[in-house]
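Walk through this model from its pocket to its helix packing, and then to the confidence behind both.

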Amino acid sequence: MTPHHLHATAAAWSIHTARQQLATLAAAEARHRGDTLTAAAPILRSPIHGTIHPIGGHADPVATLTADRPAPRTQTWAERIQRLDGRLTWLAGMYRLPAGRDPLERILTALPALTLPPRALTLLASHLADEDELVRGWLNQPPYRTRIPGDCPGCQQRSLEANTAGPTTARTVICAADCRHTPDCRCPGGVEGVRHIWPRHAVVTDPP
């Protein structure tokens, strides 16, 4: 696969891992709410009910009833999943990927053999990276990566990071220094201007 495919695949598996965490949170939230997510009706209160006027009478609570403004609506975890799936469905449709019930599975299944012009693949990887950042932001989760020993073949810095999301056969290694391929770069398979990325087995020889 090209570096575009590898970047897109890494982002898609990261989304997959984050979505599993969202599903766990959504299930816990549903149990806490008794599986019922309904909008609460405004509570009627009288701001002066029970106060005493100087003449000694009580205020009329009926004439002074007011409706409290509802509290700002908080987005549920289930709604976040729906929002994410909607965006992924749009993305899968834009690239006319084979039909399926799960948009992320459609993307992951199609990616290895996806033949598109480099610019289209770059855009796909960029969209997936945006969705990955969005969903991890909801979870306050840093990238699913870990530092590994070794020097980057491109910039020669000790800055390699291995992705930890997804099956081991799909995992990749990137340079944390954000080095990119240049015409005189010695890294095989690179694309000019694209951040260096390699299949894990090409960089790491020990068992994952």
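**The largest pocket and its surroundings**

In this predicted model, helices α1 (3–32) and α4 (118–139) each give at least two residues to the lining of the largest pocket. The largest share belongs to α4, with 8 residues. The pocket holds about 590 Å³ of space. Its lining counts 24 residues, and those closest to the centre are His7, Ala11, Ala129, Arg145 and Arg195. What is the make-up of the lining by class? It has 9 nonpolar, 7 polar and 8 charged residues.

Now follow α4 away from the pocket. This helix also packs with helix α2 (residues 77–94). The angle between the two is about 180 degrees, and their axes lie 11 Å apart. Angles over 145 degrees count as roughly antiparallel, so α2 and α4 are roughly antiparallel to each other.

Which residues make this contact? From α2 come Trp77, Arg80, Arg83, Leu84, Arg87, Leu88, Trp90, Leu91 and Met94. They meet Leu124, His127, Leu128, Glu131, Leu134, Val135, Trp138 and Leu139 in α4. By class, the residues of this contact divide into 12 nonpolar, 1 polar and 4 charged.

How far does the predictor's confidence reach? The mean pLDDT of the chain is 80. Of its residues, 77% reach 70 or more. Among the elements, helix α3 (residues 103–110) has the highest mean pLDDT, 96. Strand β1 (residues 44–45) has the lowest, 40. Over residues 37–66 the pLDDT is below 50. That stretch still has 27 contacts in the model beyond near neighbours in sequence. Where pLDDT is low, predicted coordinates should not be read in detail.

Notes
Residues numbered from 1 in each chain as written. Predicted model: local features only at pLDDT ≥ 70, side-chain atom pairs only at ≥ 80, totals over all residues. Heavy atoms only, no water. 1 Å grid on protein atoms, 1.4 Å probe; cavity = no way out; pocket = protein on both sides within 12 Å on 5 of 7 lines; lining within 4 Å. Points joined across faces, edges and corners; volume = space filled by probe spheres on them. Helix = DSSP H or I, 4+ residues; strand = E, 2+ residues; numbered from the N terminus. Nonpolar A, V, L, I, M, F, W, Y, C, P; charged D, E, K, R; others polar. pLDDT = per-residue confidence, 0-100. Contact = heavy atoms within 4.5 Å. Axes fitted to C-alpha atoms, helices over the stretch in contact; angles between N-to-C directions. Parallel < 35°, antiparallel > 145°, perpendicular 65-115°, else oblique.
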